[in-house]
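The following report describes the fold of one protein chain, element by element. Please keep the sequence and the structure in view while reading.

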Amino acid sequence: MSDAVNRPAGMPDPVVAPINEGMWRAAAAGRLDVQRCASCGAHRYPPTDGCYRCGSVRWDWSTLPGTGTVYSYIWVPDRTRTGTPEAPAVYNVAVVTLEGTEGDPARILSNVIDAWSPDDLHVGDRVALAPVGFGDGDDLALPCFRMLS
Ligand SMILES: [Zn+2]
């Protein structure tokens with residue numbers, strides 16, 4: 001198993017802001033934190049100022065188990081790598097339904113970083129948090145995922 005990460009080189013870092021900084025810091029610490037409405041309990045991703053369900057602006061971070069299920073995905077040509085006709089260089093953009101949010105599921109747009117070819121990834125596959133650091137230090141990370149076999 002390779003330690004390589006299937007994300008294109010040179011992707012821009014996300015903008016760190018008060019509304020999302022806790023999520024990046026939690027991922028760097030190995031946790032999957034998403035917003036949870038302090039009024040109605042709805043989990044929210046991506047972070048927003050107001051609740052999509054009740055409109056409340058009161059929220060806290062909620063630590064989820066860090067596992068999930070592939071809800072949908074696409075494969076995108078990775079123009080930073082050279083592939084072959086038999087094995088084109090591609091990366092995936094996946095929508096993952098987060099465990100711990102059943103009933104009103106939160107889904108995250110991410111990458112499954114150890115899936116390298118279309119045969120590797122299917123709707124319903126189980127995945128787990130695999131943080132990918134960004135920025136200058138080691139205190140911020142993207143909540144990416146890896147396959148659970
Ligand atoms: Zn709410």
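Which residue in β3 is the bridge partner of Val34? The bridge partner of Val34 in β3 is Ser62. The structure is a predicted model, in which local features need pLDDT of at least 70 and side-chain atom pairs count only at pLDDT 80 or more, whereas totals for chains, interfaces and linings use all residues. Residues are numbered from 1 along each chain as its sequence is written.

## Overall architecture

The secondary structure of the protein comes to one helix and ten strands, where helices (H or I, at least four residues) and strands (E, at least two) are DSSP runs numbered from the N terminus. Read from the N terminus on, the order of the elements is α-β-β-β-β-β-β-β-β-β-β. The C-alpha trace spans about 55 × 35 × 25 Å along its principal axes. A compact globule of 149 residues would have a radius of gyration near 15 Å, and the 16 Å of this protein agrees with that; the radius is taken over C-alpha atoms, and the globule rule is 2.2 Å times the number of residues to the power 0.38.

Of the 149 residues, 29% count as buried, a residue being buried if 20 or more other C-beta atoms lie within 10 Å of its own, exposed if 12 or fewer, and partly exposed in between, with C-beta atoms placed from the backbone. Among the contacts with a separation of 6 or more, 53% are between residues 24 or more positions apart, a contact meaning that the C-beta atoms of two residues, placed from the backbone, lie within 7 Å.

## The two sheets and the helix

Strands of a sheet pair through backbone hydrogen bonds, either parallel or antiparallel. Here two strands count as paired if DSSP finds at least two bridges between them. One open sheet has three strands in the order β2-β1-β3, with antiparallel pairing; its edge strands are β2 (43-44) and β3, each of which pairs on one side only. The helix α1 packs on this sheet, touching β1 and β3, and its direction makes about 150° with that of β1, the axes being lines fitted to C-alpha atoms (for helices over the stretch in contact) and the angles running from 0 to 180 degrees between N-to-C directions.

A second open sheet has five strands in the order β6-β5-β4-β7-β10, again with antiparallel pairing. Because β6 and β10 (145-147) stand at the edges with a single partner strand each, one side of each is left without a neighbour in the sheet. Neighbouring strands of this five-stranded sheet are turned by 40° against each other on average, direction ignored.

The table lists antiparallel strand pairs with their bridges and one pair of residues that stand opposite each other.

| Strand pair | Bridges | Opposite residues |
|---|---|---|
| β1 and β3 | Six | Val34 and Ser62 |
| β4 and β5 | Nine | Ser72 and Val95 |
| β5 and β6 | Four | Val96 and Ile108 |
| β7 and β10 | Three | Ala128 and Arg146 |

## The helix and the nonpolar core

Helix α1 (residues 21-28) has Met23, Trp24, Ala26, Ala27 and Ala28 as its buried residues, and these pack against β1 (32-37), β3 (59-64), β8 (132-133) and β9 (141-142). Just after α1, Gly30 takes a positive phi of about 85°.

The largest nonpolar core has 27 residues, and those with the most contacts inside it are Ala27, Val34, Val96 and Phe145; such a core is a set of buried Ala, Val, Leu, Ile, Met, Phe, Trp, Tyr and Cys residues joined through C-beta atoms within 7 Å. The elements that give two or more residues to this core are α1, β1, β4, β5, β7 and β9, and the largest share, five residues, comes from α1. Leaving aside residues up to four places away in sequence, Phe145 touches Gly68, Val96, Ser110, Val112, Val127, Ala128, Leu129 and Ala130.

## Two local points

Arg126 lies in strand β7 and is partly exposed, with 14 other C-beta atoms within 10 Å. Not counting residues up to four places away in sequence, Arg126 touches Thr67, Thr69 and Leu148.

The peptide bond from Tyr45 to Pro46 is cis, with omega near 0°, and Pro46 lies in the loop between β2 and β3. Most residues other than glycine have a negative phi, and most peptide bonds are trans.
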